[in-house]
Structure formats: C-alpha cells, structure tokens
Amino acid sequence: MAVEDEHAVQPLPARKFPTRTCVACRTERQKREFVRVVRAPDGTTSIDLTGRANGRGAYLCADGSCWPDALKKKSIERALGVSMPPEVRVQLEGGVGHGP
Ligand SMILES: [Zn+2]
C-alpha cells in the first residue's frame, strides 16, 4: 500500500510561544522574559517570581530597564487596578532579579 505523502516534507507548525506585553514600555516578549506582578484573589499584590501564582498578572521586562517608568506612570496600578504596596515598590526600585 503506497503512502503517497510518507516522504513529503510537512511544514512545521509555527511554534507558538506565549507572548505578553510589558505594561510599562509595551514591548512584546516571550513570557519567560518578564517578571510578573500578580494581584492574588485575596487582593494582595506581589512580585511573582515563579510565574505561576494565581491571580491577575501584569508583566514587566525582566531586565528592569522600564521599572522606574512603570513606577512613575503607575502602569502596574492601572493594569491591576490596585495601589502599589510599598514592599513591591521597594523591590521594583531595587531591581529584583537583576544584579547590581
Ligand atoms: Zn518593559
């Protein structure tokens, strides 16, 4: 039984990486290139370093370059509908996850 397309080159399906848009600078990147700030169902806001926390997330470039802007423009507050908890602000000002 001949299988006509046995050796046919199948076009590989375009690999879809989940992309997100930075809430501060609007850069589109792959999900793993972001730091996620999450508003948990209980209303607390924190930086989600695992990327798996429950709740509504806002994404910021992991390199931290736009974090001062995000704080200045209140991008996270607007994206999540929360006020910025001081401890999260401190973390963002200090540049969590990227070296000195
Ligand atoms: Zn950004």
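Q: Which residue in β4 does valine 38 stand opposite?
A: In this predicted model, β3 and β4 pair in the antiparallel sense over four bridges. Valine 38 points from β3 the way Phe34 and Arg36 do. Across from valine 38 in β4 is serine 46.

Q: What is the bridge partner of valine 38 in β5?
A: β3 also pairs with β5, in the antiparallel sense and over six bridges. β5 covers residues 56-61. In that strand the bridge partner of valine 38 is glycine 57.

Q: Which residue in β4 stands opposite arginine 36?
A: Arginine 36 is one of the β3 residues, and it is buried. The pairing of β3 with β4 is antiparallel, with four bridges. Valine 37 stands opposite isoleucine 47 in β4, and arginine 36 stands opposite aspartate 48.

Q: In what order do the three strands of the open sheet lie?
A: β3 pairs with β4 over four bridges and with β5 over six bridges. β4 (45-48) and β5 stand at the edges, each with a single partner strand, so one side of each has no neighbour in the sheet. Neighbouring strands are turned by 25° against each other on average, direction ignored. The pairing is antiparallel and the order is β4-β3-β5.

Q: Which residue in the turn of the hairpin formed by β3 and β4 has a positive phi?
A: β3 and β4 pair in the antiparallel sense. Five residues lie between the two strands of this hairpin. The turn residue with a positive phi, of about 95°, is glycine 43.

Q: How many of the six residues of β3 are buried?
A: In a regular strand the side chains alternate between the two faces of the sheet. Phe34, Arg36 and Val38 point one way from β3, while Val35, Val37 and Arg39 point the other way, and all are buried. The strand is mostly covered, and the number of its residues that are buried is six.

Q: Which residues touch the most other members of the largest nonpolar core?
A: This core has 15 residues. β3 (34-39), β5 (56-61) and α1 (67-73) each supply at least two of them. The residues that touch the most other members are Cys22, Val23, Leu60 and Ala70.

Q: Which residues does alanine 70 touch, not counting residues up to four places away in sequence?
A: Alanine 70 is among the residues of the largest nonpolar core that touch the most other members. With residues up to four places away in sequence left out, its contacts are Val23, Ala24, Leu60, Ser75, Ile76 and Leu92.

Q: Is arginine 26 buried or exposed?
A: Arginine 26 lies in the loop between β1 (19-21) and β2 (28-30). Its phi is near 65°, a positive value in a residue other than glycine. There are 9 other C-beta atoms within 10 Å, and a residue counts as exposed at 12 or fewer, so arginine 26 is exposed.

Q: What is the phi of lysine 74?
A: Lysine 74 is in the loop between α1 and α2 (75-80). The residue is partly exposed, with 13 other C-beta atoms within 10 Å. Its phi is positive although the residue is not glycine, at a value near 55°.

Q: How far apart in space are glycine 64 and glycine 94, C-alpha to C-alpha?
A: Glycine 64 is in the loop between β5 and α1. With 17 C-beta neighbours inside 10 Å, glycine 64 counts as partly exposed. Glycine 64 and glycine 94 are 30 residues apart in sequence, and their C-alpha separation is 9.5 Å.

Q: What pattern does the protein follow along the sequence?
A: The protein has three helices and five strands. Read along the sequence, they follow the pattern β-β-β-β-β-α-α-α.

Q: Where is confidence highest in the protein?
A: The average pLDDT is 87, and 83% of the residues score at least 70. Confidence is lowest in helix α3 (residues 86-94), at a mean of 92. It is highest, at 97, in α2.

Terms used: Residues numbered from 1 in each chain as written. Predicted model: local features only at pLDDT ≥ 70, side-chain atom pairs only at ≥ 80, totals over all residues. Core = buried A, V, L, I, M, F, W, Y, C linked by C-beta atoms within 7 Å. Buried ≥ 20, exposed ≤ 12 C-beta atoms within 10 Å, placed from the backbone. Contact = placed C-beta atoms within 7 Å. Pairing = 2+ DSSP bridges. Axes fitted to C-alpha atoms, helices over the stretch in contact; angles between N-to-C directions. pLDDT = per-residue confidence, 0-100.
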